[in-house]
Amino acid sequence: MNILVTGGAGFIGSAVVRHILRNTTHTVVNVDALTYAGNLDSLAETVHSERYCFEHHNICDRAAMDTVLNVHQPDLIMHLAAESHVDRSIDGPAEFIGTNIVGTYTLLEATRQYYNNLNGDKKAGFRFHHISTDEVYGDLEGTTDLFTETTPYAPSSPYSASKASSDHLIRAWHRTYGLPVVISNCSNNYGPYHFPEKLIPLMILNALEGKPLPVYGQGEQVRDWLYVEDHARALYKVVTEGHVGETYNIGGHNEKRNIDVVHTLCDLLEQLAPAKPKGVNHYRDLITHVTDRPGHDQRYAIDASKIQQQLGWVPQETFETGLCKTVQWYLNNTDWCQRIANGSYQRERLGASA
Ligand code: NAD
């Protein structure tokens, strides 16, 4: 099969591209605009594969999407391209409305036209998989409830509202136009190649440099963590085995308070990186409590029993094994981190595509 992945230069998208190329014989077309979050370094192992092709385009560009679909004739589409950082959505929501809502709409319309012209087995097997977040369900504060696939939507941030909007568009294109879609909503991911603005890589890299570890409020917010490679395996199952029109929640059964995540990271670093920066006695001493994010959801937790029962997917990593692998990866891949810190990951690729 030929699988078109949008956002394949991002954190989860690159894990999906690596997963497909390593574990199947399929071809991958990666459509990515290379925003600040897109990093071709994360795909270094794939660039020489004859089964990989990169298309540098914005999903809001309808003409470009039409051309890509007509040229590559994908069997499946996995749509991950998005603006994904909640803090950035609070500082400037416009990009989130543009990419997550208008971009998804544009891709849906291009796909609808492409799908309508397919025939036979190619049409029967075609799927559009929209990758979304558990944040669309809102806040579980004060309850022991879990998000299920039928939990009503109640997004809190511009990011989650834009993702909720895109989920609604996907369902409407299925019901109104018969586009064969599947949707998945996932909890917080962590693992290798995570951009250093997000909690876990930020804490690891700040700690290694002896910088403060900023924790929102008292760090009481609870998230359900999923190792990114477990997520990539789940996404491949959803797009190849999921039932048309269905939604699958994906989670790691790892509910943790942010402050506990940071403590665990500090303790892991004490073992794995005992030679601390000058003036640092214990990594935990670097923890600094900062003003909480406005509208901050207190708790997310996923009931992932549907994907387990219907598609036979369960995560392979526990939080402890996944976090240990993650810290070790950042310790072993200082070049990847350095090229983000000094901006060369962006300068070189822009030069290459100019
Ligand atoms: P990311 O920010 O790391 O990567 C996003 C990718 O999309 C980048 O490569 C970027 O260049 C590309 N992109 C952005 N705007 C684009 C545009 N207009 N056209 C084409 N490409 C564009 O994001 P991620 O963490 O890998 O998340 C991937 C998807 O999974 C997103 O849809 C996100 O909402 C969802 N998700 C993420 C998490 C998480 O914990 N990271 C959890 C649940 C769901």
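Three exercises with worked solutions follow, on salt bridges and helix packing in a predicted model.

Residues are numbered from 1 along each chain as its sequence is written. Local features need pLDDT of at least 70 and side-chain atom pairs pLDDT 80 or more, while totals for chains, interfaces and linings use all residues, and side-chain values use heavy atoms, without hydrogens and water.

**Exercise 1.** Find which residue forms a salt bridge with Arg-233, and state whether each partner is buried or partly exposed.

Solution. A salt bridge needs a side-chain nitrogen of Lys or Arg within 4 Å of a carboxyl oxygen of Asp or Glu. Arg-233 meets this rule with Asp-230, the closest N and O atoms being 2.8 Å apart. Both residues lie in helix H8 (residues 228–241), three residues apart; helices are DSSP runs of H or I, at least four residues. Buried means under 20% relative accessible area, exposed over 50%, partly exposed in between (1.4 Å probe, protein chains only). Asp-230, at 2%, is buried, and Arg-233, at 22%, is partly exposed.

**Exercise 2.** Locate the partners of the salt bridge between Arg-299 and Glu-255.

Solution. The closest approach, N to O, is 2.9 Å. Arg-299 is in the loop between strand E12 (287–290) and helix H10 (305–311), and Glu-255 is in strand E11 (residues 255–257), 44 residues apart; strands are DSSP runs of E, at least two residues.

**Exercise 3.** Describe how H11 and H12 cross.

Solution. The axes, lines fitted to C-alpha atoms over the stretch in contact, come within 5 Å and cross at roughly 70°. H11 and H12 are therefore roughly perpendicular, the class for 65 to 115 degrees.

Terms used. Axes fitted to C-alpha atoms, helices over the stretch in contact; angles between N-to-C directions. Parallel < 35°, antiparallel > 145°, perpendicular 65-115°, else oblique.
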